[in-house]
Amino acid sequence: MPELSGKRIILGLTGGIACYKSAELLRRLQDEGATVDVVMTAAASRFITAETMQALSGRPVWLDAWDARADNRMAHINLTRGADAVLIVPASTDFLAKLAHGLADDLLSTLCVARGAVPLLAAPAMNHEMWTHPATQRNAAQLLADGVTLIGPAEGSQACGETGSGRMMEPDQILRALVAFFQPKVLAGRQVLITAGPTSEPIDPVRVLTNRSSGRMGYALARAAAEAGARVTLVSGPTALPCPDGVSRIDVRRATEMRAAVMARAAQAHLFIAVAAVADWGIANPSAIKLKKQADGQPPVLDFVQNPDILAEVAALPDGPWCVGFAAETDHLHEHAQAKRARKGIPVIVGNLAQQAMDAEDTELVIFDRHGAQTLPRQSKLQAARALIGWIAAHQPSR
Ligand code: C5P
């Protein structure tokens, strides 16, 4: 489902080689359902043509404060009224300075000052010496204080051949930042701890005992919680997924490592969401060397050891976080989930049918608490995660 349906975005380009990425961003914004009006400074049009941006956006591109196409000659007012955001990509050193000081000497800078309550987001792009210059840092700090959202910059190789901080974020990162910006900040100021993925219990250096879990639901929840304004720590077993933006991830393998990582942080968390498919048993005697097939055909004998129940342990902490568990069941979802909720001593457990959720993009979640069950419609894991975060924010008692 498109993430920006019904949104009208003003995409402002200022002078910088990263302008070539703005064309890609424009396409991505449109793919997500946004209507995009492009405004360019004179310097931006040295790097990419207005014709390119007009052909891609299918709408007039605006360059000049004196543009006669606006009947009232007030393009700077007309464009911003009813807009959902002004997004400056790339934002040059000069343009950040102008924004910080309220200068208005061309169409884009003027509409930024004239925009009223329309949010302003900017993705800085410049040489690392320019970004770290005290004046630029002062301007960036002033813009943050003024409520402007800065997206990046990133570290890395730069068009000038040097390396450092100041490189513009990639179009998909900027798109995700804009989508995140529009999510309600229902967990602002909250510290959220999440487990995700499988655990992996070594048998020998090359073999493991694990659970089938892609980690997608836990990662979607980490992203949704971060979008909702929380500080999120994700304790993750082995997955192939990228860490969601703004989330700090701790990689673990064994359940005992996951337990240690969680218990070290549980006391500081307001909310603990246990999504990981933790292996119920580890191997008591993993071999230090690769086990060999025996000539007599005898399989190896493995000693199992019960793993700690991380969620139950966190739930038992005297001043611990509010706990939300997950239960993937193959049958009797309601009975098993409610029994698990009681056994672990947690206020909420979220159930789904393993055969539907496993390896799937979509999921149907059922939220169980002491009042009963509430089913969320089948939807993408990200949408389900956002809905669940909304439910949690509305139901978690304030400490
Ligand atoms: O005990 P069971 O695996 O059925 O319960 C599932 C819930 O408990 C999930 O939230 C899972 O992350 C959590 N869990 C845990 N530690 C375990 C087993 C499960 O935190 N050892």
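Buried means under 20% relative accessible area, exposed over 50%, and partly exposed in between, using a 1.4 Å probe and protein chains only. We're working with a predicted model, where local features need pLDDT of at least 70, side-chain atom pairs count only at pLDDT 80 or more, and totals for chains, interfaces and linings use all residues. Residues are numbered from 1 along each chain as its sequence is written, and side-chain values use heavy atoms, with hydrogens and water left out.

**Exercise 1.** Work out what geometry the aromatic pair has.

*Solution.* Start with the criterion: rings of Phe, Tyr and Trp (its six-membered ring) pair if their centres lie within 6.5 Å; planes under 30 degrees apart are stacked, over 60 edge-to-face, and the rest tilted. Run that over the whole structure and you get one aromatic pair. Phe181 and Phe182 have ring centres 5.7 Å apart and planes at 75 degrees, so this is an edge-to-face pair. Next, check the accessibility: Phe181 is partly exposed at 26%, and Phe182 is partly exposed too, at 24%.

**Exercise 2.** Find which charged residues sit over the rings of Phe182 and Trp62.

*Solution.* The test asks for NZ of Lys or CZ of Arg within 6 Å of the ring centre and within 35 degrees of the ring normal. For Phe182, the hit is Lys7, lying over the face at 4.7 Å from the ring centre. For Trp62, it's the charged end of Arg69, 4.4 Å from the centre of the ring.

**Exercise 3.** Say which elements the buried residues of α9 pack against.

*Solution.* Helices (H or I, at least four residues) and strands (E, at least two) are DSSP runs, numbered from the N terminus. Helix α9 covers residues 171–181, and its buried residues are Pro171, Ile174, Leu175, Leu178, Val179 and Ala180. Now look for contacts, meaning heavy atoms within 4.5 Å. The partners are the strands β1 (8–13), β3 (85–91) and β4 (120–124), plus the helices α1 (19–31), α10 (216–227) and α15 (381–395).

**Exercise 4.** Track down the unusual backbone spots at Pro90, Pro153, Arg73 and His332.

*Solution.* Keep the baseline in mind: most residues other than glycine have a negative phi, and most peptide bonds are trans. Take the prolines: Val89 and Pro90 are joined by a cis peptide bond with omega about -5 degrees, and Pro90 is in strand β3. Gly152 and Pro153 share a cis bond as well, with omega about 5 degrees; Pro153 is in the loop between β5 (149–150) and β6 (154–157). Then the phi values: Arg73 has a positive phi of about 60 degrees, and His332 one of about 40 degrees. Finally, accessibility: Arg73 is exposed at 51%, and His332 is exposed at 51%.
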